Amino acid sequence: MATILHIETSTDVCSVALTKDGHCIWDKEDHGDGKSSKAAELLPTFVDEAMKQLLSNEKLDAVAISGGPGSYTGLRIGMSMAKGIAYGSDAKLLAVPTLEIMCVPILLGREMEDDALLCPMIDARRMEVFSAIYDRALKPVRETQADIVEEDTYKEFLDKHPIYFFGNGAGKCKEVIRHPNAHFIDHIVPLARHMMPLAEKHYHKGIFEDVAYYVPDYGKEYEAKLPKKLL
């Protein structure tokens, strides 16, 4: 097990958590005004409060960052803070995909069909979202990409499986996706405390990022693959 500081700033929600030996011992979150992130203002205070939970002789083993896709500004703020702490504490840097983080509370707290699929969505612009599709073991059925959401965007999967859509990009899809296998879950946002099982897995598998060179997944490479006429 390990002592890990978790930082999540990929949306307008700013959150920090401290976990030890697989248990969350401190967490704090601010959901802002739903329009803009307060990460630049709040993150230093949240991190300082979290670090005060450590005993005087206790070492921070790793810093976990939400790795995107998501807000360019928010991800950069979180990345800068995480890198500084990791470097100063001689701790490992972990990057956990934001879309996977969003799946954690669904998998832990909701009954679903055995063949159900999960589709977390991060809002981009207009009817565009960053999304991926996972099975209940969090195995990718379709990798992350940018989608222009239309009625038939996910039809090939919906025809075979119930799919649960959630995240800040899912709300604008409700009136577009009318398939009977489509289900929508409200109020799911990526939070630092939900990073723990994923960060622990990365830590114990030795999946670390280079503190000097790591850059979050801003989602721009996915947008670049969309037909220009749709942008």
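A residue is called buried when its relative accessible area is under 20%, exposed when that area is over 50%, and partly exposed in between. In this predicted model, Arg193 has a relative accessible area of 36%, so Arg193 counts as partly exposed. The points below follow Arg193 and other charged residues through their salt bridges, and then turn to a pair of helices and to a buried glutamate.

**Salt bridges**

- A search of the whole structure finds 12 salt bridges, and those described here include three pairs whose partners lie in separate parts of the sequence.
- The side chains of Arg193 and Asp27 meet at 3.8 Å, N to O, in one of these salt bridges. Because Arg193 lies in the loop between strand E10 (182-185) and helix H5 (196-205), while Asp27 lies in strand E3 (residues 23-30), the pair ties together parts that are 166 residues apart in sequence.
- Asp27, like its partner, counts as partly exposed, with a relative accessibility of 35%, and a network of salt bridges links Asp27, Glu29 and Arg193.
- Glu58 and Lys20 form a salt bridge through their side chains, at 3.0 Å from N to O. Glu58 is in the loop between H1 and strand E4 (62-66) and Lys20 is in strand E2 (residues 14-20), so this pair joins parts that are 38 residues apart in sequence.
- Glu58 is buried, with a relative accessible area of 19%, whereas Lys20 is partly exposed at 30%.
- Asp114 and Arg136 also meet in a salt bridge, at 3.3 Å from N to O. Asp114 is exposed at 73% relative accessibility, and Arg136 is partly exposed at 36%.

**Helices H1 and H2**

- The axes of helix H1 (residues 39-51) and helix H2 (residues 72-89) come within 10 Å and cross at roughly 30 degrees, which means that H1 is roughly parallel to H2.
- The crossing of H1 past H2 is right-handed.
- Where the two helices meet, H1 contributes Ala39, Ala40, Leu43, Pro44, Val47 and Met51, and H2 contributes Ile77, Gly78, Met81, Ile85 and Ser89.

**A buried glutamate**

- Glu100, which belongs to helix H3 (residues 98-109), is buried yet has no salt bridge, and the nearest side chain of opposite charge, that of Lys201, is 6.7 Å away.
- When residues up to four places away in sequence are not counted, Glu100 touches Tyr134, Leu138 and Leu198.

How values were computed: Residues are numbered from 1 along each chain as its sequence is written. This is a predicted model: local features need pLDDT of at least 70, side-chain atom pairs count only at pLDDT 80 or more; totals for chains, interfaces and linings use all residues. Side-chain values use heavy atoms; hydrogens and water are left out. Helices (H or I, at least four residues) and strands (E, at least two) are DSSP runs, numbered from the N terminus. Buried means under 20% relative accessible area, exposed over 50%, partly exposed in between (1.4 Å probe, protein chains only). Lys and Arg count as positive and Asp and Glu as negative; His and the chain ends are not counted. A salt bridge is a side-chain nitrogen of Lys or Arg within 4 Å of a carboxyl oxygen of Asp or Glu. Contact means heavy atoms within 4.5 Å. Axes are lines fitted to C-alpha atoms, for helices over the stretch in contact, and angles run from 0 to 180 degrees between N-to-C directions. Angles under 35 degrees count as roughly parallel, over 145 as roughly antiparallel, 65 to 115 as roughly perpendicular and the rest as oblique. A crossing is left-handed if the near helix is turned anticlockwise from the far one by less than a right angle, and right-handed if clockwise.
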